[in-house]
Amino acid sequence: MIVLGHRMGTKGKKKCETPCKDKFEPLTFEAKTPATMVLMLSSPEEDILVKACEAIHIFAEKGDEKRVSLLGLGALEPLCQLITHINKLVRRNAFVALGTMANNNDDVRIALKKMDVIPSIIDKLSLEEDLVVHEFATLCLASLSMDFICKAQIFDNKGLPPLIQLLSSPDPDVKKNSLETIFNLVQDYEIRLAVHKLGGIPPLLDLLKSDFPVIQHLALKTLQNVSLDKDTCNTLMEKQGFEKLMDILSNTEFRDLHAEALQVVANCVRDSESLQLIHKVGGLTRLMEFVLTPNMPEIQCNAVKCITRVAQSSENRKLLHQQNVETVLVELLSVADISGKTAACQAVSAMSFHQDSKDRFRDLGGIFAVVQLLSNDSVVLREEATQALSNLTHSNRLNAFAVYEAEGHEILVQQLYGSRALTVANSAATLCNMAAHVVIRCSILSHGAIPALVEPLKSTDTQVLVNSTLCLAVLACEAEARAELQSAGGLHPLVNLLHTYQKEVLRSACMAINVCATDVPTALEMCKFGALEILQQINQSVNRRSRISKLAMSSLLNSNVSVKYSLTGHLAYTDVISDGFYDAGKVPASQKILTLKELSTQPFNAEQPIIFINTATEKKTEDDKQKDEAQPESATEKPWKMMEDVSLQLLVKRSKESIMLLRDEREKCAALARLVNEAMGGAVEMEKLHEFSWMMHHANLKFQLQSNVVPIGLINKGIYCHRALLFKCVADCIGMSCTLERGEYNRAWNEVLVFDRNPSRNERFSRPCRYIVDLMHQPGSLLAARTAAAEQYQTI
């Protein structure tokens, strides 16, 4: 028989033993060895079988070693056959022997699993069967149900209904074994629902009143699992389950049950209706008392977990706030027990979705208390503390400053190094919330946040990647942060994130790239790592493209006008051509765009030259000259640099001296057009354009320079595309605004905005009109956009 601890009266526990139902007659023979006992299991005589089973039972009770020896002698197979014997006594004794062998023995359990004995055992759970058979049959199932496959076999062979029925058995051992089997089964979701449908909740609740603590514990643990289902929780309410749980929680003699009872309550109070019910019977007040119960950390912990579960609903959070739960939780943040602090942080996180609770936590000093936990040795506690701070600072300026004043941002930056994934994700999220404020952002950067974020950018965890890139997007508003990110090697892993197919990660990475791209050196560096090509692919994909990916692409192009012109064939009024700009011609979207340095180092070819802009004057100080002279001949190759363009410098200077004196915008455009026309070979009549030998001139330039790249100032013969580029370049240098548009077959033009000289009297304010500047045929003429003359200039 199974020995159970018995709960008597109110003064504690004593041991009792379930009385034996039947007395065994003394054996009339003596089995000298286990092998003899096993051999007798094959006897055709029923009285021998009865006595052999009894001998097996007595021998197996002596320990695991004896059970294993019986297994090796082949006792299981005949016993599995005898449990279906027509003789009631043989059947009963066979179950006793089999159950004793199977109890808590892995070897026997594995062997039974292979014998397909479960249907036979379930068949003997009917109410007509002997209580001893019930006891040891359920003992077998309790052992077998620990195995995943056996669970499925028990369920598939309709073992659950009789097991639920046996929960009401008069025998406590049968109850205990049946309950243990059901507990093992309900670890699976499907079986959990079946227990409810088969009416298992009322008998489980009745077992809470058992005199045996082991049964009460098992009943509560089973209820913990089945109450994860909302319908089951509703049935618990209907069957006065809350009241029965509160009876346990209100009884100090049942302290050993309080932790498990609280977990059941936690499952059942997730919706406001359930919470209102428990609140009406004083349950919420009692719950608060448990939170502050001294010297009972497990009960405290489970009570706080219950509050956390309650706080998943907005209506419940409001009710908890009215009960001043924040005061209780802040007090618990300073207890000695780590599990209590951890549970308190989880509850703070849940309550922080209520705006008034966020403010109350700050007023009570809760934020300072959570910040202190960031330095705790417990990695789990640090993880929950960062989660609490993330929620507390979300959309709350005062809380962000409270963390800042507690110097929490310094510790959070350190948490980005080598912590668990969730800790890193939470720390990045909190820093992101705080960095929205300039003062805090600068302080976060001063403590090395940018280098600390580089490693998380290489993580495989989705939340780490999302939060780290979002944090980076906020911090990168500062120019120093962008420069630091580049020097720390963070741009390459950031660009690599564009390869992801996780939408959240892709979106946040595009946000960070969009911010970083406002800095030209940073944008150029990202382009070296293939950011433009990847974004082009993304924006061509129906599933991956988004408004943010298009914005990131646009930002990169705006910071790299050479590439923008090659890809789009358009530079806006706001796109300024500066030194280092080059025109590589129209490039297909799928083709990688090389840098000017890469183009200049390519083998000499017969294609049209790459034209670049350089207005800078090379000035060497005495120190520079001395360094050049001291450079040994064997030194490594000098770094590449653009060729100086004196002709362009002179043209810009001349334009500034003559054109800037003019006041009329039309006159400025015309004057600049004439200068460009003069520099590029003069006016050419439309009919004689084919006689203009510009291609030979360009080929000669390339040959003379032995280079594929040519400075624009050396070009003395140029047509539409060369003149439009020069006009845009000089206009940007002297502060005039114009566009640059690429057409087909070497056509290009500039568009300017000019106010009409004679506005209509009916118009109070004149509006600027768009004109195309003629640089080729009648230099200085302004052709109204979208007119026949303008279209003729733009096309062949």
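The following exercises, each with a worked solution, concern a predicted model of a protein chain.

**Exercise 1. Overall composition**

Determine how many helices and strands the protein chain has, and what share of its residues is buried.

*Solution.*
Step 1. The secondary structure comprises 46 helices and 11 strands.
Step 2. Of the 796 residues in the protein chain, 54% are buried.
Step 3. The exposed surface of the protein chain amounts to about 37300 Å², and carbon and sulfur atoms supply 51% of that area.
Step 4. Among contacts with a separation of 6 or more, 68% are made by residues 24 or more positions apart.

**Exercise 2. A salt bridge between buried residues**

State where Glu129 and Arg91 lie, and whether these residues are buried or exposed.

*Solution.*
Step 1. Side chains of opposite charge can pair when their charged atoms come close.
Step 2. For Glu129 and Arg91 the N to O distance is 3.3 Å, and their side chains meet in a salt bridge. Because Glu129 belongs to the loop between helix 7 (118-123) and helix 8 (131-144), while Arg91 belongs to helix 5 (residues 88-102), the pair ties together parts that are 38 residues apart in sequence.
Step 3. Glu129 and Arg91 are both buried.
Step 4. Across the model, the count of salt bridges is 21.

**Exercise 3. Two further salt bridges**

Compare the sequence separation within the pair Asp147 and Lys113 with that within the pair Glu180 and Lys176.

*Solution.*
Step 1. In the salt bridge of Asp147 with Lys113, the closest N and O atoms are 3.2 Å apart. This pair links distant parts of the chain, 34 residues apart: Asp147 is in the loop between helix 8 and helix 9 (148-156), and Lys113 is in helix 6 (residues 106-113).
Step 2. Lys113 has a relative accessible area of 29% and is therefore partly exposed.
Step 3. In the salt bridge of Glu180 with Lys176, the closest N and O atoms are 2.9 Å apart. These two residues are four places apart in helix 11 (residues 172-185), so about one helical turn separates Glu180 from Lys176.
Step 4. An α-helix has 3.6 residues a turn, so residues three or four places apart point the same way.
Step 5. The cut-off for a buried residue is under 20% relative accessible area. Lys176, with 14%, is therefore buried, whereas Glu180, with 21%, is partly exposed.
Step 6. Salt bridges also form a network, which links Asp359, Arg362 and Asp363.

**Exercise 4. Helix 45 and its aromatic partner**

Establish how many residues of helix 45 are buried, and which residue pairs with Tyr720.

*Solution.*
Step 1. Helix 45 (residues 720-734) has 15 residues and spans 21 Å from its first C-alpha to its last, close to the 21 Å expected at 1.5 Å a residue.
Step 2. Helix 45 is mostly covered, with 14 of its 15 residues buried.
Step 3. Gly735, just after helix 45, takes a positive phi of about 90°.
Step 4. A pair of aromatic rings is described by the distance of the centres and the angle of the planes.
Step 5. The model contains three aromatic pairs. In one of them, the ring centres of Tyr565 and Phe581 are 6.4 Å apart and their planes lie at 40°, so this pair is tilted. Tyr565 is in helix 39 (residues 561-568), and Phe581 is in the loop between strand 3 (570-571) and strand 4 (582-583), 16 residues apart. Tyr565 and Phe581 are both buried.
Step 6. Tyr720 pairs with Tyr793 in an edge-to-face arrangement, at 5.3 Å centre to centre and 80° between the planes. Because Tyr720 lies in helix 45 and Tyr793 in helix 46 (residues 788-794), the pair ties together parts that are 73 residues apart in sequence.
Step 7. Tyr720 is buried, at a relative accessible area of 2%, and Tyr793 is buried, at 4%.

**Exercise 5. Charges over rings, and one buried threonine**

Identify the rings over which Arg544 and Arg666 lie, and the contacts of Thr308.

*Solution.*
Step 1. Arg544 lies over the face of Tyr501, 4.3 Å from the ring centre.
Step 2. Arg666 lies over the face of Tyr771, 4.9 Å from the ring centre.
Step 3. Thr308 is part of helix 20 (residues 297-310) and counts as buried, at 13% relative accessibility.
Step 4. With neighbours within four places in sequence left aside, Thr308 is in contact with Ala343, Gln346, Ala347 and Ala350.

Technical notes: Residues are numbered from 1 along each chain as its sequence is written. This is a predicted model: local features need pLDDT of at least 70, side-chain atom pairs count only at pLDDT 80 or more; totals for chains, interfaces and linings use all residues. Side-chain values use heavy atoms; hydrogens and water are left out. A salt bridge is a side-chain nitrogen of Lys or Arg within 4 Å of a carboxyl oxygen of Asp or Glu. Buried means under 20% relative accessible area, exposed over 50%, partly exposed in between (1.4 Å probe, protein chains only). Contact means heavy atoms within 4.5 Å. Accessible areas come from the Shrake-Rupley method with a 1.4 Å probe; for residues, only the protein chains shown count as cover. The expected span of a helix is 1.5 Å times one less than its number of residues. Rings of Phe, Tyr and Trp (its six-membered ring) pair if their centres lie within 6.5 Å; planes under 30 degrees apart count as stacked, over 60 as edge-to-face and the rest as tilted. A charge sits over a ring if NZ of Lys or CZ of Arg is within 6 Å of the ring centre and within 35 degrees of the ring normal.
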